[in-house]
Amino acid sequence: MIARLKQSYRGMRLGTRLALGLGALALVVFAVVGSALTMYMRDYLSAQLNEQLKIAQIAQSKSIADYGTLQGKKYYRWYYAVYDTSAGTPVLRKPEDPGDLPEDIDDFTLVAKALTVEGTEVTRTEHLKGQGQYRLRACEVEPGVILVSAAPMDDIEDTVGQLITIQVVTFVLALMALVVFGRGMLRRGLKPLSDMARTARGITSHDLTDSARLPVRHDNRDGGFEVEELRTAFNTMLEHIDDALAVRTEAEQRLRRFVADASHELRTPLMSVRGYADLFQYAAAHSPEERDKHLARLRAEAARMGVLLDDLLMLARLDAADVDAPLRLEEADLVELARQAADGFRAGHPDRPLTVTTGSGPVRLRLDPLRLRQVLDNLLTNAAVHTPPGTKVALEVVVESGTAEVRITDSGPGIPADDQERVFDRFYRVDKARSRDRGGSGLGLAVAHSLVRAHGGTITLTSRPGTTTFTVHLPLTGSGPGA
């Protein structure tokens with residue numbers, strides 16, 4: 001039975017359990033208050049009755065002393081007995097009115113004897129046979145004469161009984177009101193917690209695989225400071241979950257796009273290699289000149305695929321922060337690297353005029369000369385590939401605000417605003433219709449961005465029709481993980 005009650009209690013809602021707990025606490029409080037009030041009322045009424053007996057006996061003692069008997073007004077249902085104790089033993093005088101004594105006077109005699117022994121007034125509560133509860137008081141009227149008066153206690157018991165009944169009814173009604181209204185108030189106060197529970201259930205039932213945004217929030221601001229603090233922490237947790245899901249979803253989308261683009265990019269040279277291999281097999285039996293031409297094509301496609309795989313491998317190492325990172329840091333002159341890159345660009349693109357501005361002295365940094373040269377070559381090549389012949393290109397090296405900057409500017413058509421945020425994404429091309437032979441694989445700017453970031457720097461783009469500038473920012477105090 002107790003185990004079943006415990007199980008039922010555990011199955012109740014928190015508001016109901018708190019209401020029942022408050023009800024039990026209130027019941028204890030009511031019981032203590034009611035008991036104290038009842039005891040106080042009983043003692044108060046008893047003290048009043050004692051005082052009433054004392055006052056009545058003072059008047060009655062005068063009547064006994066003057067006339068030897070009780071005379072005058074007598075209270076209803078009160079009893080009176082007069083004892084002579086001159087011989088040492090209480091002897092009852094015959095009452096003037098037989099109704100002054102009950103049928104059983106043993107208790108009166110015992111009280112008179114007690115006064116004889118103790119020598120002071122005696123007050124006792126006794127149950128008189130056939131009469132009920134009475135308060136007996138004995139006092140000495142004069143030497144050798146004792147008056148014993150008895151007053152019924154029915155009124156006290158009735159008053160105390162009525163008081164107990166009123167208390168029980170009042171306390172029961174108050175307890176029911178407390179439980180009912182308290183439960184309602186607790187449910188209202190705990191409603192934010194219920195809303196949070198529904199929010200949590202909504203999260204568990206929400207598909208987190210395709211969306212990076214949770215569709216639920218707890219916006220109810222009812223409750224006290226603690227509930228508000230919990231609500232804030234709960235919503236902050238949801239925001240963090242949202243951010244984590246957004247990062248995960250973006251990473252998954254980038255990974256899927258990367259795999260699709262890489263597969264597409266690798267498929268093209270592989271198909272070319274396969275086609276030229278078939279042609280080479282056919283040409284080997286017919287024309288040596290055709291065989292050499294197809295063999296050269298095979299080597300070119302294989303080299304192109306090798307460059308693509310090298311770029312992919314480098315990006316993977318940079319993303320993973322591999323111990324075997326593709327950076328070999330050393331002291332190098334940024335100005336000299338820029339001049340070497342400019343010489344290479346002029347040799348490969350004689351149809352595009354290039355101007356170089358490097359300042360008066362060297363700019364020495366701790367960097368990987370080979371990889372930073374690759375960054376500059378990629379940016380210059382990008383300017384050549386995406387601009388028409390004859391477009392002016394400028395390369396500038398400056399030192400500003402504690403950073404070394406390399407700016408590569410072309411006067412081409414510019415990059416649309418919608419494409420500027422994605423130019424550093426892998427396999428992204430501004431011109432979707434551009435052939436791969438002319439437009440590259442779409443990895444050049446991604447590789448440049450990752451290499452600059454590995455050096456502890458940043459690369460930015462500003463573009464409008466007629467001018468496009470890529471700016472490489474490198475810290476002067478050192479760069480890269482080995483600085």
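Trainee: Which residues touch the most other members of the largest nonpolar core?

Mentor: Of its 45 residues, Leu-334, Val-375, Leu-379, Leu-380, Val-397 and Val-472 touch the most other members. This is a predicted model, in which local features need pLDDT of at least 70 and side-chain atom pairs count only at pLDDT 80 or more, while totals for chains, interfaces and linings use all residues. Residues are numbered from 1 along each chain as its sequence is written, and side-chain values use heavy atoms, with hydrogens and water left out.

Trainee: What makes a set of residues a nonpolar core?

Mentor: The members must be buried Ala, Val, Leu, Ile, Met, Phe, Trp, Tyr or Cys residues joined through side-chain atoms within 4.5 Å. Apart from the largest core lies another, of 17 residues, among them Tyr-79, Ala-114, Leu-136 and Ile-146.

Trainee: Which residues is Val-472 in contact with, leaving aside neighbours within four places in sequence?

Mentor: Val-472 is in contact (heavy atoms within 4.5 Å) with Val-375, Leu-379, Ala-404, Glu-405, Val-406, Val-452, Thr-458 and Ile-459.

Trainee: Why is Thr-391 called buried?

Mentor: Buried means under 20% relative accessible area, exposed over 50%, and partly exposed in between, with a 1.4 Å probe and protein chains only. Thr-391 has 7% relative accessibility and therefore counts as buried. Thr-391 is found in the loop between helix H9 (369-385) and strand E9 (393-400); helices (H or I, at least four residues) and strands (E, at least two) are DSSP runs, numbered from the N terminus. Not counting residues up to four places away in sequence, Thr-391 touches Arg-352, Pro-353, Asp-410, Ser-411 and Gly-412.

Trainee: Why is Ile-164 called partly exposed?

Mentor: The relative accessible area of Ile-164 is 36%, so this residue falls between the two limits and is partly exposed. Ile-164 is found in helix H4 (residues 154-189).

Trainee: Which residues make the nonpolar surface patch of about 520 Å²?

Mentor: The patch is made by Ile-164, Val-168, Val-169, Val-172, Leu-173 and Met-176. Patch residues must have over 30% relative accessible area and no salt bridge (a side-chain nitrogen of Lys or Arg within 4 Å of a carboxyl oxygen of Asp or Glu); like charges are joined within 9 Å, and nonpolar side chains (Val, Leu, Ile, Met, Phe, Trp, Tyr) within 5 Å. At 36%, Ile-164 therefore meets the area requirement.

Trainee: How do you know that helix H12 is mostly covered?

Mentor: In H12 (residues 444-454), 8 of the 11 residues are buried, including Leu-445, Val-447, Leu-451 and Val-452. H12 is followed by Gly-456, whose phi is positive, near 85°.

Key: Areas by Shrake-Rupley, 256 points an atom, 1.4 Å probe, with all protein chains shown as cover.
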